[in-house]
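Student: I am new to this structure and should like to take a close look at a single part of it. Would you kindly guide me through that part and then place it within the chain?

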Amino acid sequence: MSAPLDLLERPSIEVAPLLLGAVLHGRGVSMRITEVEAYLGELDPGSHAFRGRTRRNAVMYGPPGHLYVYFTYGMHTCANVVCSPEGTATAVLLRAGEIVDGADLARERRTTTRSDADLARGPARLTVALGIALSDDGDDLSSGPITLEPAGRPAPEVATGPRTGVSGAGGTDAYPWRFWIPGDPTVSPYKKHSPKRRTPAVR
DNA sequence: AGCCGGATCCGCT
DNA sequence: GCGGATCCGGCTT
């Protein structure tokens, strides 16, 4: 890995706050990262790696500095930055960003009309704005087509809280594994996942 | 071979 | 605020 991305060799929980303010470049769009979540690998019930290596999550086990892209809810793709040394499956989910260049192109990729702040607000919208597809799973962030430019300096202020949308994650709600730039209008507003009813209440 | 639920988003109310 | 969309991965049978 090239020197600028050496920071990704650490576990995702350390990398996540450092990614705030970093800029992704690619496919005609540049995006400043404003919200992320850390997924801690095989020990983390919320992580795709919790039950070990599979074909889908194989990239998470590879070297840091690559994209792990997955498909969910039958229609959405989401993207992670793989962290920690090869053989260890930690990653940072990219949840929101501010388009700093190429907003017209990002907007063309969307099917619905939204405000600028909404263009990459939410992990699936973020991949649409950047033109990331499932075929980008495993892409090297140091050589493109999507590249990562680390933040010049740490974000002046970082907010933390529980991860969003993670259910059945064995009490990890208690851990502040979500990081965002406080007050930034591009940060996704979604509330914490509320578990679905399992069985009808019997009384 | 089949089932279940999901690191979500959108449109309607 | 809520439910539907829509299909794949991973586990069970």
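**A close look at strand 1 and its surroundings**

Tutor: Let us begin with one pair of residues: valine 23 has arginine 32, in strand 2, as its bridge partner. Please keep in mind throughout that the model is predicted. The pair belongs to a wider arrangement, in which strand 1, residues 23–26, and strand 2 are joined in the antiparallel sense by four bridges. The two strands form a hairpin with two residues between them, and in this hairpin arginine 27 adopts a positive phi near 55°.

Strand 1 has a further partner. It runs antiparallel to strand 6, residues 147–149, and three bridges join the two. Within this pairing, leucine 24 has leucine 148 of strand 6 as its bridge partner. As for side chains in general, those of a regular strand alternate between the two faces of the sheet.

We may now turn to helix 1, which comprises residues 12–19. Just after this helix, glycine 21 takes a positive phi of about 95°. Is helix 1 mostly covered or mostly uncovered? It is mostly covered, since six of its eight residues are buried. These buried residues are Ser12, Ile13, Val15, Ala16, Pro17 and Leu19. Among the elements that cover them is strand 2 (29–39), the hairpin partner of strand 1. The cover also includes strand 4 (76–83), strand 5 (90–101) and strand 8 (178–180).

The part just described can be set within the whole of chain A, which has three helices and eight strands. From the N terminus on, the order of the elements is α-β-β-β-β-β-α-α-β-β-β. The radius of gyration of chain A is 16 Å, close to the 17 Å given by the globule rule for 203 residues, so the chain is as compact as a globular protein of that length. Its C-alpha trace spans about 60 × 40 × 35 Å along the principal axes. Of the 203 residues in chain A, 41% are buried. Among contacts in chain A with a separation of 6 or more, 64% are between residues 24 or more positions apart.

Finally, there is the surface near DNA strand C. Which residues surround this strand? They are Arg51, Thr54, Arg55, Arg56, Asn57, Phe71, Tyr73, Gly74 and Met75. By character, the residues of this surface divide into three nonpolar, three polar and three charged.

Terms used: Residues are numbered from 1 along each chain as its sequence is written. Chains are lettered from A and ligands numbered from 1 in the order in which they are written. This is a predicted model: local features need pLDDT of at least 70, side-chain atom pairs count only at pLDDT 80 or more; totals for chains, interfaces and linings use all residues. A residue is near a molecule or strand if its C-beta atom, placed from the backbone, lies within 6 Å of it. Ala, Val, Leu, Ile, Met, Phe, Trp, Tyr, Cys and Pro count as nonpolar, Asp, Glu, Lys and Arg as charged, and the others, Gly among them, as polar. A residue is buried if 20 or more other C-beta atoms lie within 10 Å of its own, exposed if 12 or fewer, and partly exposed in between; C-beta atoms are placed from the backbone. Two residues are in contact if their C-beta atoms, placed from the backbone, lie within 7 Å. Two strands pair if DSSP finds at least two bridges between them. The radius of gyration is taken over C-alpha atoms; the globule rule is 2.2 Å times the number of residues to the power 0.38.
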